[in-house]
Amino acid sequence: SRTPPHLTVQVQNISQSMEVLDLRTYRDLQYVRNTESLMKGLDSRLKVAAESQKSLNAKSFQELKEKMTELLPLLPVLDQYKSDTRLIVHLKEEVRNLSGILLAIQEEMGAYDYEELQQRVLMLEARLHACMQKLGCGKLTGVSNPITIRASGSRFGSWMTDTMTPSADTRVWYMDGYYKGRRVLEFRTLNDFVTGQNFVQHLLPHPWAGTGHVVFNGSLYYNKYQSNIAVKYHFRSRSVLVQRSLAGAGYNNTFPYSWGGFSDIDFMVDENGLWAVYTTNQNAGNIVVSRVDPQTLEVLRSWDTGYPKRSAGESFMICGTLYVTNSHLAGAKIYFAYYTNTSSYEYTDIPFHNQYSHISMLDYNPRERVLYTWNNGHQVIYNVTLFHVIKTSGE
């Protein structure tokens, strides 16, 4: 006999999940470490000020105290990230040990008890899942300065990586223009995209409208030009797998974002799956958020956010929350958040540096935890900072 194939698959799945968890934890830890440095600096100034009021006037001293108070809630988060980092190292070692046992089984038939080994795999999967649940989601508290990847194409367009595949898949897709386009370029890696080399071309059977496209698990989801039809195009088979009308959704600049560009229907993916953002006459032009079945394109559930879509610059989903910018031009900020888990909203004030002054595409990638933007012919990314509420056992 040979190693049960499901065990090998489980180990591979764990290893892939570890890659994603490792990447996310490393990124978030950098943000928290930066905050730690800021806290230490403020703490030092406070100690000096406490010893001698000559170095600070009363107003400055009070401002420092208030800033320290704001930063104090981040301390337990920092400790938790450090703890989770140690946990990841331990989990990695367990994965390596398990992989070694599987290899030994292939060499020495029946040397180990398969049931016992499978139980170890299942326990490890459960622990890994619990760890990812803790680190996977949070509330958006900050956006980094923009990082320009490339300057190419027209003023409007979209670019993206797959939001679901393992981190070993580094392909980049590029769609220039906002209407009537059919040509999608697929680059092998981000470096190939930067240099403009090693790409293949896909010619879509139906032209697109807007820039609200997304790649999810090997398929492109987009709005068919001059319609409210959603299209799922599979890259590997180069074919449309399904298309379906979004009932009542406006199109042809009936309800676009503030920049226009046939941006009536915007597809996006977050940790919870596939979403469509649009509006209808029935909702009086307010943004509608819909969960969409990625296989059938059926709408599973919808929420009326109450926010007028024409007043929004762009929007994106993170952890079931829709975040909306108040402009597509310079001076924009993330102004509004709608929480689908509680059907509630709040106004926010998160700075957002619009470096090239005209954003026509803004999307979150949950696999990489970055925002992808098309900004006036520049392809730009932003890192995000999420505040995690750490769940402990019994809660």
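This short talk walks through the overall make-up of one protein chain, then one of its sheets, its disulfide and a set of paired strands.

Before anything else, please keep in mind that this is a predicted model, in which local features need pLDDT of at least 70 and side-chain atom pairs count only at pLDDT 80 or more, while totals for chains, interfaces and linings use all residues. Residues are numbered from 1 along each chain as its sequence is written, and side-chain values use heavy atoms, with hydrogens and water left out.

Let me start with the chain as a whole. The protein chain holds 5 helices and 21 strands, where helices (H or I, at least four residues) and strands (E, at least two) are DSSP runs numbered from the N terminus. Of its 395 residues, 50% count as buried, and buried here means under 20% relative accessible area, with exposed being over 50% and partly exposed in between, using a 1.4 Å probe and protein chains only.

Now to the sheet. Four strands, in the order β15-β16-β17-β18, form an open sheet with antiparallel pairing, and two strands are said to pair if DSSP finds at least two bridges between them. Because β15 (315-318) and β18 (344-351) stand at the edges with a single partner strand each, one side of each is left without a neighbour in the sheet. Inside this sheet, β16 (residues 321-325) and β17 (residues 333-339) pair in the antiparallel sense over 5 bridges, and one place to look is L322, whose bridge partner in β17 is Y338.

The loop between β15 and β16 brings us to the disulfide, since C319 lies there, whereas C137 lies in the loop between α4 (114-136) and β1 (139-143), 182 residues apart. The count comes to 1 disulfide, taking a disulfide as a pair of cysteine sulfur atoms within 2.5 Å. In this link the sulfur atoms of C137 and C319 are 2.3 Å apart, and with -105° about the S-S bond the link is left-handed. Are the two cysteines buried or exposed? C137 counts as partly exposed at 30% relative accessibility, while C319 is buried, with a relative accessible area of 16%.

Finally, please turn to strand β12 (residues 273-278), which is mostly covered, with 6 of its 6 residues buried. Strand β11 (residues 266-270) runs antiparallel to β12 and is joined to it by 5 bridges, with V269 opposite L274, and a hairpin connects β11 to β12 through 2 residues. Strand β12 is also joined by 5 bridges to β13 (residues 286-292), again antiparallel, and there V277 has V289 as its bridge partner.
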